[in-house]
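Me: I should like a close look at one part of this structure, namely its paired charged side chains. Please treat their surroundings as well.

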Amino acid sequence: MKIRRFTVKVIKWIICIIVSLMLFVLVKGYIKDFINDFKYEYTNMATTKGKDVVVEIPEGSTEKEIAKILKKKGLIKYELAFTRRLSNSEYSGKLHGGTYTFNTGMNTLDMMKLMAEEKPVEGPIDKLVVPEGFTVDQIAERCEEQNICTKSQFIKALKSVTSSDFKYLADVPDTGVRYRLEGFLFPATYDIYKDTTAESLVSEMLRTFKYHFTDSMLEKAEELEMSVYEVITKAAMVERECKIGSERRTIAGVFNNRLREGMLLQVDPTVLYPLTEGMYDKDMVTYDDLEIDSPYNTYKYEGLPVGPICNPGDECIKAVLYPEEHNYLYYHTSDAGDGRHVFSETYEEHQDSMSD
């Protein structure tokens with residue numbers, strides 16, 4: 001019996017060794033094939049007969065995004081082989097968006113050459129004016145009115161942007177916000193070209209934000225212990241509240257004072273934003289409106305709203321970073337009808353000034 005048991009154990013060990021050797025050979029073969037395939041795609045200079053494939057590369061696409069598109073279309077196997085070859089080639093940083101006809105038999109260097117070819121520059125065919133204080137919904141509507149893209153295309157394009165594409169999205173809450181990019185579509189005049197798409201337009205707006213939100217602004221925000229998202233959220237309220245440039249820093253100071261005192265901010269546009277779904281097509285706020293259950297509603301919830309209620313411009317961002325220091329806790333619109341406000345330090349003063 002002992003001999004038989006020993007024999008069975010030996011057989012099992014032999015089988016295990018054989019299986020392990022077979023797996024090793026298989027894995028080794030797989031790794032060797034992978035390395036050879038990767039190296040071939042990285043260095044191949046040949047062109048063979050294949051099938052034509054039409055590829056749309058959005059303007060502003062990163063090299064990684066281009067590689068992902070090519071892989072999805074079956075034109076390459078390894079995204080890393082493409083991006084590494086590109087970074088070591090004369091075409092690095094020169095690829096253009098557009099519609100291309102590639103062939104499955106092309107080598108990656110030929111694809112890069114095709115995408116890097118200089119194209120004749122055509123002038124803009126239109127201009128998109130995005131005023132300070134416009135919301136995502138208002139921008140989308142204007143894009144549709146000017147036949148740049150549809151509302152849904154614009155919304156879809158901005159929803160596809162992630163924090164890996166735009167680092168400031170890392171601070172945006174996962175829930176509660178209407179649009180994660182609200183506040184970051186910088187107000188400016190944008191040239192519209194024949195090949196402008198919703199995706200390229202959104203990318204241009206985000207690049208413009210990065211250009212305007214300077215390193216010194218970022219340093220100041222850090223000094224104030226505020227995230228960029230908090231700065232833009234507060235600046236958006238200043239933008240919607242303020243019609244007179246000289247009052248921006250004063251209103252930003254009122255917000256700071258009320259937050260410091262633990263008071264509700266009670267900013268009317270934070271009610272109108274969710275109430276009108278970002279369109280601000282209602283002028284007056286009623287008492288019933290103040291009851292809207294929204295994380296933007298600063299009459300109902302303490303602190304800042306869950307996110308920006310529009311896209312603020314430079315001056316309102318600066319007003320938040322460099323607010324006026326005073327003791328005002330209240331303000332209301334002046335009866336003069338010029339958009340100015342009357343500021344008060346106490347509730348009694350506030351009530352008296354409203355009854356004057």
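To begin with, is lysine 282 buried, partly exposed or exposed?

Reply: Lysine 282 is partly exposed, with a relative accessible area of 30%. This value, like the others below, is computed from a predicted model. The side chain of lysine 282 meets that of aspartate 289 in a salt bridge, with 2.5 Å from N to O. Aspartate 289, in contrast, is buried, because its relative accessible area is 10% and the limit for that class is under 20%. The bridge thus joins a buried carboxylate to a partly exposed lysine.

In general, side chains of opposite charge can pair when their charged atoms come close. A search of the whole structure finds 9 salt bridges, and two further examples may be set beside the one just described.

One of them is formed by the side chains of aspartate 191 and lysine 127, again at 2.5 Å from N to O. This pair links distant parts of the chain: aspartate 191 lies in strand β4 (residues 189-192) and lysine 127 in strand β3 (residues 126-129), 64 residues apart. Aspartate 191 has a relative accessibility of 34% and therefore counts as partly exposed. Lysine 127 is likewise placed in the partly exposed class, at 44%.

The other example lies within a helix. Lysine 220 and glutamate 223 meet through their side chains at 3.1 Å, N to O. Both belong to helix α8 (residues 215-223), and because they are 3 residues apart there, about one helical turn separates them. Lysine 220 is buried, at 16% relative accessible area, whereas glutamate 223 is exposed, at 58%.

Charged residues also appear in the linings of the pockets. The second largest pocket holds about 910 Å³ of space. Its lining comprises 27 residues, and Ser61, Glu65, Ser160, Asp165 and Glu199 are those nearest the centre. By class, this lining divides into 12 charged, 8 polar and 7 nonpolar residues. Helix α7 gives the largest share of the lining, 6 residues, while α2 (63-72), α6 (151-159) and α7 (198-212) each supply at least two.

The largest pocket has a volume of about 1300 Å³. Of the 33 residues that line the largest pocket, Asp268, Tyr299, Tyr331, His332 and Thr333 lie nearest its centre. Elements that give two or more residues to this lining include α9 (228-241), α10 (248-260) and β5 (330-333). The lining of the largest pocket contains 17 nonpolar, 8 polar and 8 charged residues.

How values were computed. Residues numbered from 1 in each chain as written. Predicted model: local features only at pLDDT ≥ 70, side-chain atom pairs only at ≥ 80, totals over all residues. Heavy atoms only, no water. 1 Å grid on protein atoms, 1.4 Å probe; cavity = no way out; pocket = protein on both sides within 12 Å on 5 of 7 lines; lining within 4 Å. Points joined across faces, edges and corners; volume = space filled by probe spheres on them. Helix = DSSP H or I, 4+ residues; strand = E, 2+ residues; numbered from the N terminus. Nonpolar A, V, L, I, M, F, W, Y, C, P; charged D, E, K, R; others polar. Salt bridge = Lys/Arg side-chain N within 4 Å of Asp/Glu carboxyl O. Buried < 20%, exposed > 50% of the residue type's maximum accessible area, 1.4 Å probe, protein only.
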